[in-house]
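Colleague: I should be grateful for a close look at a single part of this model, chosen for its charged side chains. Please set that part in the context of the chain as well.

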Amino acid sequence: MQGYIGYKEKTKEKFRNGWLHTGDMARIDGQGYLYVLDRKDDMLIRSGMNIYPAEIESVALQINGVQNCMVYGEEDILYGKRFA
């Protein structure tokens, strides 16, 4: 990620010392594996609606064959956040 297209201030806000600060809480173990543990903000706003990724994840995990999943928001210039 090089930054948000057309949003220089947002890019400056999210990048510090060359790192993109996503708000995800993670750790790296002694073997170099990355574990995403939590989010700083457990709510996303899309088109004025409050959406909680944990609720979407809990439904997705009930689908046969889904062992693990993670929902996160990406900036969308029209709607605030879009889900990935």
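Modeller: What follows is an account of helix 1 and its salt bridges, and then of other parts of the chain.

The model is a predicted one, and confidence is therefore taken up before the details, since pLDDT is the predictor's confidence in each residue. The protein chain has an average pLDDT of 84, and 94% of its residues reach at least 70. Confidence is highest in helix 2 (residues 53-60), with a mean of 91, and lowest in strand 8 (residues 80-83), with a mean of 67.

Helix 1 spans residues 8-14. Two salt bridges are found when the whole structure is searched. One of them joins the side chains of Glu9 and Lys12, with an N to O distance of 3.7 Å. Both partners belong to helix 1 and are three residues apart, about one turn of the helix. Glu9 and Lys12 are both exposed.

Another salt bridge links Lys10 to Glu13, where the closest N and O atoms are 3.9 Å apart. That distance qualifies because the cut-off for a salt bridge is within 4 Å. Lys10 and Glu13 also lie in helix 1, again with a spacing of three residues, about one turn of the helix. Lys10 has a relative accessible area of 25%, so this residue is classed as partly exposed. Glu13 is likewise partly exposed, because its relative accessible area is 48%. As a general point, side chains of opposite charge can pair when their charged atoms come close.

Charged residues also appear in the lining of the second largest pocket, which has a volume of about 160 Å³. The lining is made up of Asp24, Val36, Leu37, Asp38, Arg39, Glu57, Asn68, Cys69 and Met70. By class, four of these residues are nonpolar, one is polar and four are charged. Strand 4 (residues 34-39) makes the greatest contribution to this lining, with four residues.

A buried position may be set beside these. Ile51 is part of strand 6, which covers residues 49-51. With a relative accessible area of 18%, Ile51 is classed as buried, because that class covers values under 20%. Between the C-alpha atoms of Ile51 and Gly3 the separation is 24 Å, and the two residues are 48 residues apart along the chain.

In summary, helix 1 holds the Glu9 and Lys12 pair and also the Lys10 and Glu13 pair.

Note on methods. Residues numbered from 1 in each chain as written. Predicted model: local features only at pLDDT ≥ 70, side-chain atom pairs only at ≥ 80, totals over all residues. Heavy atoms only, no water. Helix = DSSP H or I, 4+ residues; strand = E, 2+ residues; numbered from the N terminus. Buried < 20%, exposed > 50% of the residue type's maximum accessible area, 1.4 Å probe, protein only. pLDDT = per-residue confidence, 0-100. 1 Å grid on protein atoms, 1.4 Å probe; cavity = no way out; pocket = protein on both sides within 12 Å on 5 of 7 lines; lining within 4 Å. Points joined across faces, edges and corners; volume = space filled by probe spheres on them. Nonpolar A, V, L, I, M, F, W, Y, C, P; charged D, E, K, R; others polar.
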